[in-house]
Amino acid sequence: MDRVPVLKLGDILIVSIQIDLQDQSVLALQEDLADQVVATGARGVIIDITAVEIVDSFIGRMLATIAAISRMLDADTVVVGMRPAVAITLVELGLSLGGVRTALNLEKGVALLNHLEGSKIASVTR
Amino acid sequence: MTTPATLPVTSNSDVVLVRQHVRTVAVDVGLSLVDQTKVVTAASELARNALVYAGGGRVRVEIVHNGIRRGLRLTFSDDGPGIPDIERALTDGWTTGGGLGLGLSGSRRLVDEFDVRSAPGEGTLITVTKWAR
Ligand SMILES: Nc1ncnc2c1ncn2[C@@H]1O[C@H](COP(=O)(O)OP(=O)(O)O)[C@@H](O)[C@H]1O
Ligand SMILES: [Mg+2]
């Protein structure tokens, strides 16, 4: 079984899915990320799916679950690099991934996390 | 691998191999990138179902013709418990396995032709076809 490495960059965890993952690897990634969010106190998670050719309901659910788990652990999740054909297919499959934030690429994902963190601080000091 | 081919679906890694083979043939048939993505996604859902609910099965992958049109046909078969109520299984959100319940209903939307034959104790046969435009 392949394991996807989780990288830490400042207080952001970055995962880049580079291969066609079988279901156990998807579940392992979900657990690794939850553990790492707790262990590192990360404030953001970026899942880069630029290289991912299909997202079926299993991977789609993993993305939604990671977003939900990290939200509970006070971190934001951004999925970056979704291919247009993948987005079209996901919607037709019936998965809108409503609770998952997306950005076009890694750079925009980082900017979005910084923006989210900024507005968190603003709402605390307001 | 040549076409037609019959691939086993007996493990999680077989599901990955099915996706990869279907992609290769979808390209050969001349499906657009979006249609390739749709049919590979449907194949992934149906292969996983055969594995999870029937303990395994197989899929035949073939190129079909209709006049000058070419298409990709996938026939998933298993000898599992079968689906007692096909109508209900094809409802968005219906699951007996703690899934999202979108595999069958969603796959139906992703392909051009979709046919399910199943009865309790008689396994399940699902045929899907995607035509090149
Ligand atoms: N090959 C199969 N054999 C037996 N039952 C199946 C098969 N495929 C699907 N089903 C049944 O249909 C239901 C819906 O399947 P699906 O739409 O893929 O959603 P999910 O897999 O998320 O439950 C399953 O929960 C299962 O009860
Ligand atoms: Mg399913």
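This is a short conversation about reading a predicted model, chain A.

Student: Where do I start, and how many helices and strands are there in chain A?

Tutor: Welcome! Begin with the secondary structure: this predicted model has 4 helices and 5 strands in chain A. Following the sequence, their order is β-β-α-β-α-β-α-β-α.

Student: How compact is chain A?

Tutor: Compare the radius of gyration with a rule based on length. For chain A the radius is 14 Å, close to the 14 Å that the globule rule gives for 126 residues, so chain A is as compact as a globular protein of that length. Its C-alpha atoms fill a box of roughly 45 × 30 × 25 Å along the principal axes.

Student: Which share of the contacts joins residues 24 or more positions apart?

Tutor: Good one! Take the contacts in chain A with a separation of 6 or more: 73% of them link residues 24 or more positions apart.

Student: What about burial and the surface of chain A?

Tutor: Buried residues are 46% of the 126 residues. Chain A exposes about 6,200 Å², with carbon and sulfur atoms supplying 57% of that area.

Student: Can we zoom in on one residue? Is A:V15 buried or exposed?

Tutor: Buried means under 20% relative accessible area. A:V15 has 0% relative accessibility, so A:V15 counts as buried. You will find A:V15 in strand β2, residues 12-16.

Student: Which residues does A:V15 touch?

Tutor: Leaving out residues up to four places away in sequence, A:V15 touches A:V4, A:P5, A:V6, A:L29, A:L33, A:I46, A:I47 and A:D48. Look at A:P5: it is 10 residues from A:V15 along the chain, and their C-alpha atoms are separated by 6.6 Å.

Key. Residues numbered from 1 in each chain as written. Chains lettered and ligands numbered in written order. Predicted model: local features only at pLDDT ≥ 70, side-chain atom pairs only at ≥ 80, totals over all residues. Heavy atoms only, no water. Helix = DSSP H or I, 4+ residues; strand = E, 2+ residues; numbered from the N terminus. Rg over C-alpha atoms; globule rule 2.2 N^0.38 Å. Buried < 20%, exposed > 50% of the residue type's maximum accessible area, 1.4 Å probe, protein only. Contact = heavy atoms within 4.5 Å. Areas by Shrake-Rupley, 256 points an atom, 1.4 Å probe, with all protein chains shown as cover.
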